[in-house]
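Q: Please take a close look at the salt bridges of this model and at where their partners lie.

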Amino acid sequence: MIFTGLLTPGSHRAAELADDRAVVRAILRVEDAWVAAQSRTGLVPADAARAAHSAVQRVALDEAALNELAVASEGGGNPVIPLLAAYRKAVTEEYGAPLGAVHASLTSQDVMDTALALLLRDVRSTLLENLARTGNALARLVAEHRDTVMVGRTLTQHALPISFGLKAASWLAAVDDAADAVRAARLPVSYGGASGTLAATMARCSDGGSSDQTFGRVTGLLGHWADELGLELPDGVWHTDRVPVLRVASGYAQTTAALARMANDVLMMSRPEVGELREPTAEGRGVSSAMPQKQNPVLSVLLKRTGIAAPGLLSQVFAGASAADDERPDGGWHAEWAALRELAVLATAASSHAAELAGGLTVDTERMAHNLERAGTGVMAERLSAALASVLSEREGKNAKQRVQAAVRAEPWDADALASALAREIEAEQDPTLPEGVSAGDPQSVTRWVRSLLDPRGYLGASGELCDRAVARHEERTTA
């Protein structure tokens, strides 16, 4: 049962992790684990806990039951209340009598927040697996194309030469950082009871001893609950402290931004007039309903779509957190659910798309070289200006940089002609300072030297070292 579909293509890759059936299962697991934790604390007989566990399977999860539950959720403002009624009935049937331990001393928010923590833990696992696949594929691209030269672009215009490996390294770093953010943001169990005081749980665990002794038993009970679910136990109540949720949502949004940034480059570089990259193909992917010749870069399109949609969803989660008040929120908490779930699904589906994109990306190195050559001599003007700053004197009101710029404008496409022109200007200088092995009296050596300055392979700066660092950083994170 997928809650998204026709209007969010690709969401089927992750929707089942967080659809309505998954939400119901998470809520039931939370209630079941609470009874189990009470049994481990000695508050509930073991056979009662076993009955509560078996009763989970008695709760209907077919489409009709889920639709009925969705309608009934309106009455209490959340799905816990009607689902709890169904679960209690199932427990009674399984145990042969009502079991007061079910939901004892909990409130709906305890269960709902903890169920979302459980659900999003499963989402996180899949998301991190996909990001690892994406990162590994990108690391291979970085290593393979460490020295593949292409033209860099800034503000949509040709800039200086770079390596394609360096571009892929920037994608890799963003993906690795996003994975770190997702991994670090973990939702804990939620407890507090009706007003966040744990009053009912304290009363349930009291045996007449001191408050400190009772609280120790409460802490033990909560620890067993967290252990049953495989979640962390927080230090305090977070009913209205939504920072844990904000961290998770931010990790999702950071993921979509990182992947959209990669997609933006792929979309531009796969344009026919650029032709430097090609997406992997698959049956039925990228087709046009009107133009049979087209092969659209659909993976990147969907990644960009997700990057555009995510900020609005993140904003809704933050708005909900900002609206939290008193000891239990009156609408802000409720506003988080749909946005958080949609954000989780989109981020996870995007990570799957990205892994496929990075793993199957075709790099046309010949086209990169062609485009760099067509970019003209201007892409090397910075290097020329720096190298000739101490060689060319000021003449006719123009300093060395301006003289180089004028020469480049005069010969924007022909590197050999530009080298010859600048060599003549150098030869006209009185006693110019030239590198060892280059003599103003030897025009050919001057021309060769200037021509070497126009080789983009010699002006990649620390591109190679930055690529190596990105790959090493990824490997360290992978093995950590």
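A: The following account takes the salt bridges one pair at a time. The model is predicted, so local features need pLDDT of at least 70 and side-chain atom pairs count only at pLDDT 80 or more, while totals for chains, interfaces and linings use all residues. Residues are numbered from 1 along each chain as its sequence is written, and side-chain values use heavy atoms, with hydrogens and water left out.

A salt bridge is a side-chain nitrogen of Lys or Arg within 4 Å of a carboxyl oxygen of Asp or Glu; the count by this rule is 27. One of them joins Asp-227 to Arg-40, with the closest N and O atoms 3.0 Å apart. This pair links distant parts of the chain, since Asp-227 belongs to helix 8 (residues 211-229) and Arg-40 to helix 1, 187 residues apart. Helices here are DSSP runs (H or I, at least four residues) and strands likewise (E, at least two), numbered from the N terminus. Arg-40 is partly exposed, at 40% relative accessible area; buried means under 20%, exposed over 50% and partly exposed in between (1.4 Å probe, protein chains only).

A further salt bridge is formed by Asp-364 and Arg-278, at 3.9 Å from N to O. Asp-364 lies in the loop between strand 4 (362-363) and helix 12 (365-374), and Arg-278 in strand 3 (residues 277-278), so this pair ties together parts 86 residues apart in sequence. Asp-364 is partly exposed at 24%, and Arg-278 is partly exposed at 45%.

Arg-457 and Asp-455 also meet in a salt bridge, at 3.0 Å from N to O. Arg-457 is exposed at 61% relative accessibility, whereas Asp-455 is partly exposed at 24%. Elsewhere, salt bridges with shared partners join Asp-177, Asp-180, Arg-183, Arg-473 and Arg-477 into one network.
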